[in-house]
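Let's take a friendly walk through a protein, one piece at a time. Have the model in view and turn it around as you read.

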Amino acid sequence: MFSLTQFPLQFSENDLLPYMSAETLQCHHGKHLATYIKNLNDLTVGTEYEAMPLYEIIKKSVTDPNAKKIFNNAAQVFNHDFFFKGMKQNGGGKAPDEITKYFGGADNFISEIKNAATGVFGSGWAWLVQDGDVIKITTTANADTPIAHDLIPLLAIDVWEHAYYLDYQNRRADFVDAFLTHLVNWDFVLSNLNK
Ligand code: MN
């Protein structure tokens, strides 16, 4: 039997202050992500999904009408691990030219990704993805994930309210701004190119 265990954070809970609090990380990583992992393990026991790597669970369950819960939990496990890896202490700064050249420069890029993230209606995600030879911005609703659409994820911004409500209440735009200005780990983003 194969079961997933918690994905550790690459930083300490206080490292992202004042832009993301320890309370938010304890709740978001320690409770939300942990629950998706537990649910996925519980749902896959004794099924064909039990021993699959997470990526394969997502690719298979998205086409399986009897596996909606498995897809939702597996995708949320992937999305959250990817989101947490996309941040670091003293992150942010100028977005790399390798990315911004697809958007007509850094200013346009930041404005487009902010608009995408603030424009998600309800719960979901804003993404930077590679689609063949092109880098683009996209959004997904609820648990949906770019890898279910054959896109290579480069960066995830979680815009479910649980990602920012403790620190920013309803001010999602302030959270997105802080994420891009102070938290995003551009080295991680570039490391995902051409994977
Ligand atoms: Mn989340």
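Two strands count as a pair when DSSP finds at least two bridges between them. Keep in mind as you look around that this is a predicted model.

With that idea of pairing, let's begin at the sheet. Three strands make up an open sheet, arranged in the order E2-E1-E3, with antiparallel pairing. E2 and E3 sit at the edges with a single partner strand each, so one side of each has no neighbour in the sheet. From one strand to the next, the twist averages 25°. What holds strands together in general? Strands of a sheet pair through backbone hydrogen bonds, in either a parallel or an antiparallel way.

Now look at the individual pairs. E1 and E2 run antiparallel and are joined by eight bridges. Together E1 and E2 form a hairpin with two residues between them. In that turn you will find Gly132, which has a positive phi of about 65°. Further along this pair, Val129 stands opposite Lys136 in E2.

On the other side of the pairing list, six bridges join E1 to E3, and these strands also run antiparallel. You can follow the match residue by residue: Trp125 stands opposite Asp158 in E3, Trp127 has Ala156 as its bridge partner, and Leu128 stands opposite Leu155.

How enclosed are these strands? Seven of the eight residues of E1 are buried, so E1 is largely enclosed by the rest of the structure. The count for E3 is six buried residues out of seven, so E3 is largely enclosed too.

Between E2 and E3 there is a loop, and two of its residues deserve a visit. Pro146 lies in this loop. Its relative accessibility is 1%, which is why Pro146 counts as buried. Leaving aside neighbours within four places in sequence, Pro146 is in contact with Trp127, Val129, Thr140, Leu151 and Pro153. Leu151 is in the loop between E2 and E3 as well. At 14% relative accessibility, Leu151 also counts as buried, because buried means under 20%. Not counting residues up to four places away in sequence, Leu151 touches Val129, Gln130, Asp131, Lys136 and Pro146. To get a feel for distances, compare positions along the chain with positions in space: Leu151 and Thr138 are 13 residues apart in sequence and 9.9 Å apart from C-alpha to C-alpha. Pro146 and His28 are 118 residues apart along the chain, and their C-alpha atoms are separated by 21 Å.

Next, the helices. Helix H5 covers residues 106–119, and at 1.5 Å a residue its 14 residues should span 20 Å; the C-alpha atoms at its ends are 20 Å apart, which agrees. Which residues of H5 are buried? They are Phe109, Ile113, Ala116 and Ala117. Seen down the axis of H5, these buried residues fall within an arc of 95°, so they line one face of the helix. A general rule helps here: an α-helix has 3.6 residues a turn, so residues three or four places apart point the same way. The face of H5 turned away from the buried side carries the exposed residues Asp107, Asn115 and Gly119. Among the elements that cover the buried residues of H5 are strands E1, E2 and E3, along with helices H4, H7 and H8.

Helix H2, residues 54–61, can be read in a similar spirit. Its buried residues include Leu54, Ile57, Ile58 and Ser61. They cover an arc of only 95° around the axis, which puts them on the same side of H2. The cover over the buried residues of H2 includes helices H1 and H3.

Finally, find the manganese ion. Which residues coordinate the manganese ion? His28, His80 and His162 each do so through NE2, and Asp158 through OD, at 1.9 to 2.1 Å. Along the sequence, these donor residues follow the spacing H-x51-H-x77-D-x3-H. One pair links distant parts of the chain: His80 belongs to helix H3, while His162 is in the loop between E3 and helix H6, 82 residues apart. Both His80 and His162 are buried. You have already met another donor, Asp158, in the sheet, where Asp158 of E3 stands opposite Trp125.

How values were computed: Residues are numbered from 1 along each chain as its sequence is written. This is a predicted model: local features need pLDDT of at least 70, side-chain atom pairs count only at pLDDT 80 or more; totals for chains, interfaces and linings use all residues. Side-chain values use heavy atoms; hydrogens and water are left out. Helices (H or I, at least four residues) and strands (E, at least two) are DSSP runs, numbered from the N terminus. The expected span of a helix is 1.5 Å times one less than its number of residues. Buried means under 20% relative accessible area, exposed over 50%, partly exposed in between (1.4 Å probe, protein chains only). The arc is that of the directions from the helix axis to the C-beta atoms. Contact means heavy atoms within 4.5 Å. Donors are N, O and S atoms within 2.8 Å of the metal (3.2 Å for Na, K and Ca); water is not among the atoms, so sites may look incomplete. Axes are lines fitted to C-alpha atoms, for helices over the stretch in contact, and angles run from 0 to 180 degrees between N-to-C directions.
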